[in-house]
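Please find below some notes on the two-chain model, set out point by point. They are meant to be read with the coordinates open.

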Amino acid sequence: MALTRDQIAMRVAQEFQDGSYVNLGIGIPTLAANYVPEGIEVMLQSENGLLGMGRYPDEDEVDADMINAGKETVTAITGASIFSSADSFAMIRGGHVDFTVLGAFEVDVNGNIASWMIPGKLIKGMGGAMDLVAGAKNIIVTMTHADKHGNSKLLGECTLPLTGVNCITRIITDLAVLEVADGAFHLTERAPGVSVDEIREKTAGKLIAADDVPEMQF
Amino acid sequence: MSGFDKVVTSYEAALEGLSDNMTVVAGGFGLCGIPEGLIAQIKKVGVTGLTIVSNNCGVDGFGLGILLEDRQVKKMISSYVGENALFEKQLLDGELEVELTPQGTLAEKLRAGGAGIPAFYTATGYGTPVGEGKEVKEFNGRPYILEESIVGDFAIVKAWKADRYGNCVYRHTAQNFNPMAATAGKITVVEVEEIVEPGELEPSQIHTPGIFVNRVIKGTFEKRIERRVTAKKEA
C-alpha cells in the first residue's frame, strides 16, 4: 500500500537525530513535526527569522508579530531565538541547519530538483527554497512517487525550471526511500506491501535496487 | 541633542523628497512588521513608477498591495508574490514587472547594499533561471553566481520602539527584513509603535543603531493577520 501523507511524515521524522536543527517546508514536511520519535529533540527553524518554532497559539496567545514562514500565527518554544532574515539565511546558506525537508514537482538522478515553477501557470515565487537547497547539509525531498496522472516524478532529467542542482541526496515518497548518487536512484526501503517492480515501473530515471529491499518500519 | 533628533510629526515630513521612479526598500514579511502608515502615505502622495524591494507585496487592499490599486508600482523585487489577485492581474497584463529573487539572496542584497558591498557570490540559484546571465565563479570546486546588492532611494521600516536618536528595537518575528532595509536606504524612515527618550533602550539590545536612520515617526497599526491559525481544542 502506498503511504498516506502522515505516514510519509512519520518516515521522514525517523531521519532526525537528537539535537538537530530542522527546517520544514509547507505541506507533508510540516506534518513531520508531529512524529518526532520519543527521546529525540529537534529545534525547528522558520526562515523568516525564528529558531525554536512551537505549536500554534491558543486564542488568547495569538500575536500578529509572531508568525512562521508560511505566515501562520505560531508560538516560540522555551529557548527559542528570533533574528533578522539575513541572519536566518546565514544559518541556512552557511550550512548550519542540519535537515531541510521540502516537497518537489520533480527530482532527477543527478540530484537536481524542480519545485517552484510550472511554465504557463502563475508564478508565485521561490521564497526561500533555492537558498534552502543550496545550503542545508541533508535535504530530504518528500513527494508522491508519481503525479495524479501516473507520471513519474523521479526522472532521468528534470523538465521544469530548477530550484537547485546536484543537491538532493534522499527522497521519501509514498512508495519508497531512495538515495541519489552516481547518476541513479538507489532504492533503500519500500513501503509495506509495495513491490520493487511497482517502484521500478513508477521510476522514470535509472533505478538501482538490490534483490532484497527491506520494508519501511513504523 | 537636536542634531540627532530624528523624530518627525507628520507623514508628509516623513516621506519628504519621495518622487516618481524612485526605488523604495520596504521591511516586512507578508503583513507582519510592515510600516502601515508610510505605505498609506505613499498611496496618498500618489508617486508613480516606483520600484519596490520587499519580500512580498502585501494582499489585496492591505500592505504594499494598496500601491497597486493606482498603478504606482512599475517593478517589484520580491521572493514570493502569491495571494494577491490584483498583483496577478497586473503581472499577466504586462503592467507590472517582477524580478523574483530568492529570499536569502534578497536579504543579503539589502544587507550588503547597506554595508557598502556592491555584489557577492552565492550558490543559491546556480543552474536555475535565477542564475541565467549572471557571472559564475568556482570556489573550492563549487560554482557560485554573482549577485548585485541593492540600495534604495528610500527605505521604509517598521520597528517596535525607537528613541529620538533613531535607535530601534523590533518585536518578535516582526523583525524579519526590517534591520536590513533600515541600512539600505539613502533616506531611511522608521515607523514605530512607541518613541522613547535616549537612554531608555538598553544599548546592547538595540537592533538598528540610529546612524542608519534619518527619520522616525510614531504610527498606529492595525497589524492585520494573514493566516490566523490556533491550536486545535482538545476533545
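1. In chain A, helix H3 has these buried residues: Ser85(A), Ala86(A), Ser88(A), Phe89(A), Met91(A) and Ile92(A). The model is a predicted one, and the points that follow should be read with that in mind.

2. The cover over the buried residues of H3(A) comes from both chains. From chain A it includes strand S1 (20–24), strand S2 (42–46) and helix H4 (129–135), and from chain B it includes H4 and H5. After H3(A) comes Gly95(A), with a positive phi near 80°.

3. Ala90(A) belongs to this helix, which spans residues 85–93. Its relative accessible area is 37%, and because buried means under 20% and exposed over 50%, Ala90(A) is classed as partly exposed. The C-alpha of Ala90(A) lies 9.7 Å from that of Asp131(A), a residue 41 places away along the chain.

4. Turning to the contact between the chains, 43 residues of chain A meet 49 residues of chain B. The two chains bury about 3800 Å² between them, and 61% of this is on carbon and sulfur atoms. Of the area that chain B buries against chain A, 15% is supplied by Phe29(B), Thr173(B) and Val229(B), more than by any other three residues.

5. Helix H4 of chain B, residues 103–114, deserves its own entry. From first C-alpha to last, its 12 residues reach 17 Å, close to the 16 Å expected at 1.5 Å a residue. H4(B) is mostly covered, with 10 of the 12 residues buried. Among the buried residues are Gln103(B), Glu108(B) and Lys109(B), as well as Leu106(B) and Leu110(B). Gly116(B) follows H4(B) and has a positive phi, near 80°.

6. Which residues other than glycine have a positive phi? Arg71(B) is one of them, with phi near 55°, and Asn176(B) is another, with phi near 30°. In general, most residues other than glycine have a negative phi.

7. The settings of these two residues can be given in turn. Arg71(B) sits in the loop that runs between strand S2 (50–53) and strand S3 (73–78) of chain B, and at 46% relative accessibility it is partly exposed. Asn176(B) is in the loop between strand S9 (168–169) and helix H5 (178–183) of chain B; with a relative accessibility of 0%, Asn176(B) is buried.

8. Is Ile145(B) buried or exposed? Ile145(B) is part of strand S7 of chain B, residues 142–148, and because its relative accessibility is 0%, it counts as buried. Leaving aside neighbours within four places in sequence, its contacts include Phe120(B), Tyr121(B), Tyr126(B), Val130(B), Lys134(B), Glu135(B) and Val136(B). Phe120(B) is 25 residues from Ile145(B) in sequence, and their C-alpha atoms are 8.1 Å apart.

9. Finally, the internal voids. There are four cavities of 30 Å³ or more, and the largest has a volume of about 110 Å³. Its lining is made up of 16 residues, of which Ala64(A), Leu31(B), Cys32(B), Gly33(B) and Arg224(B) are the closest to its centre. By type, the lining of the largest cavity comprises eight nonpolar residues, one polar and seven charged.

How values were computed
Residues are numbered from 1 along each chain as its sequence is written. Chains are lettered from A and ligands numbered from 1 in the order in which they are written. This is a predicted model: local features need pLDDT of at least 70, side-chain atom pairs count only at pLDDT 80 or more; totals for chains, interfaces and linings use all residues. Side-chain values use heavy atoms; hydrogens and water are left out. On a 1 Å grid over the protein atoms alone, a cavity is a set of points where a 1.4 Å probe fits but cannot get out, and a pocket is an open set with protein on both sides within 12 Å along at least five of seven lines; lining residues have an atom within 4 Å of a point. Grid points are joined across faces, edges and corners, and a volume is the space filled by probe spheres set on the points. Ala, Val, Leu, Ile, Met, Phe, Trp, Tyr, Cys and Pro count as nonpolar, Asp, Glu, Lys and Arg as charged, and the others, Gly among them, as polar. Helices (H or I, at least four residues) and strands (E, at least two) are DSSP runs, numbered from the N terminus. The expected span of a helix is 1.5 Å times one less than its number of residues. Buried means under 20% relative accessible area, exposed over 50%, partly exposed in between (1.4 Å probe, protein chains only). Contact means heavy atoms within 4.5 Å. Buried area is the accessible area (1.4 Å probe) that two parts lose on being put together, summed over both.
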